[in-house]
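This report describes one protein chain, going from a helix and its cover to salt bridges, cores and surface. The sequence and structure come first.

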Amino acid sequence: KNNPVEQVSWNDVQEFIQTLSQLKPNVTFQLPTEAQWEYACRAGTSTPFSFGENMTSEQVNYNGEYPYNKGFFQKKDSFRSKTIAVQSLPANQWGLYEMHGNVWEWCRDAYAELSGEACTNPYNLSGAIRVLRGGSWFSDGSYCRSAYRLRRIPSDFSYGIGFRLALVN
């Protein structure tokens, strides 16, 4: 009941947003852009995770059989093998829960290779492939980093793919 929605495609989310917008016409719902998602995830930090250089299963719901530690050996961690209820783990500095792990989250953007140059709030509409961020309960630790990007076709859905809505003023 309190777990995130999963097994939804980007297309499913677009239909959900249209329906929700009809029910709440004075509120604008959308998926966050990829830049908005990362900004919210990082919560003012520049480290791989919003809480520092590394993570544990006490902070992230991920596949602890494959921990993250910048390529250095780290002992295996817990692997829950499923999603967990929202707000089960500590929030980031801005009060957002489970930005790392639990479910991959669709972004509004189409996928494009990044140039590596500094830019402000890039947004890409052109392209058939969409972006997911955050990692999931079955992801290796490195996939849960703030900067990690995954790409999928908009009709793709599977365990561990969900979404987070953004409200627009």
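The buried residues of helix α2 are covered by elements that include β2, β3 (130–133) and β4, where covering rests on contact, meaning heavy atoms within 4.5 Å. The model is predicted: local features need pLDDT of at least 70, and side-chain atom pairs count only at pLDDT 80 or more, whereas totals for chains, interfaces and linings use all residues. Residues are numbered from 1 along each chain as its sequence is written, and side-chain values use heavy atoms, with hydrogens and water left out. Helices (H or I, at least four residues) and strands (E, at least two) are DSSP runs, numbered from the N terminus.

**Helix α2 and its salt bridges**

In α2 the buried residues are E34, W37, A40, C41 and R42. Buried stands for under 20% relative accessible area, exposed for over 50%, and partly exposed for values in between (1.4 Å probe, protein chains only). Just after this helix, A43 takes a positive phi of about 50°.

Side chains of opposite charge can pair when their charged atoms come close. A salt bridge is a side-chain nitrogen of Lys or Arg within 4 Å of a carboxyl oxygen of Asp or Glu, and by this rule the count comes to 8. Three of the pairs are listed here.

| Pair | N to O distance | Places | Separation in sequence |
|---|---|---|---|
| R133 and E34 | 3.0 Å | strand β3; helix α2 | 99 residues |
| E38 and R133 | 2.6 Å | helix α2; strand β3 | 95 residues |
| E65 and K76 | 3.3 Å | both in the loop between α2 and β2 | 11 residues |

R133 counts as buried because its relative accessible area is 1%. Its partner E34 is buried too, with a value of 8%. E34, E38, R42, R133 and R149 are linked in a network of salt bridges. In the E65 and K76 pair, E65 is partly exposed at 35% relative accessibility, while K76 is exposed at 56%.

**The loop between α2 and β2**

N63 also has its place in the loop between α2 (34–42) and β2. N63 is buried, since its relative accessible area is 8%. Its side chain reaches the backbone nitrogen of E65 at 2.9 Å. This is a polar contact, a pair of N or O atoms within 3.5 Å; within protein, one must be able to donate a hydrogen and the other to accept it, and residues adjacent in sequence count only if both atoms are side-chain atoms. Not counting residues up to four places away in sequence, N63 touches S78, F79, W137, F138, S139 and D140.

**Positive phi values**

Most residues other than glycine have a negative phi. What phi does A43 have? Its value is near 50°, positive in a residue other than glycine. A43 lies in the loop between α2 and β2 and counts as buried at 5% relative accessibility. Q7, likewise not a glycine, has a positive phi of about 65°. Q7 sits in the segment before α1 and is partly exposed, with a relative accessible area of 35%.

**Nonpolar cores**

A nonpolar core is a set of buried Ala, Val, Leu, Ile, Met, Phe, Trp, Tyr and Cys residues joined through side-chain atoms within 4.5 Å. The largest one has 12 residues: V8, W10, V13, I17, L20, F29, L31, W104, W106, L132, L150 and I161. Helix α1 (10–23) and strand β2 (104–110) each supply at least two residues of this core, and the largest share, 4 residues, comes from α1. L20 is in contact with F29 and L165, leaving aside its neighbours within four places in sequence. A second, separate core of 7 residues includes C41, M99, C107 and Y111.

**Surface**

F79, F138 and Y159 make a nonpolar surface patch of about 290 Å². Patches are made of residues with over 30% relative accessible area and no salt bridge; like charges are joined within 9 Å, and nonpolar side chains (Val, Leu, Ile, Met, Phe, Trp, Tyr) within 5 Å. Accessible areas come from the Shrake-Rupley method with a 1.4 Å probe; for residues, only the protein chains shown count as cover. Y159 is found in the loop between β4 (149–152) and β5 (161–162), and Y159 counts as exposed because its relative accessibility is 52%.

Q22 lies in helix α1 and is exposed, with a relative accessible area of 65%. The C-alpha atoms of Q22 and R145 are separated by 35 Å, and these two residues are 123 residues apart along the chain.
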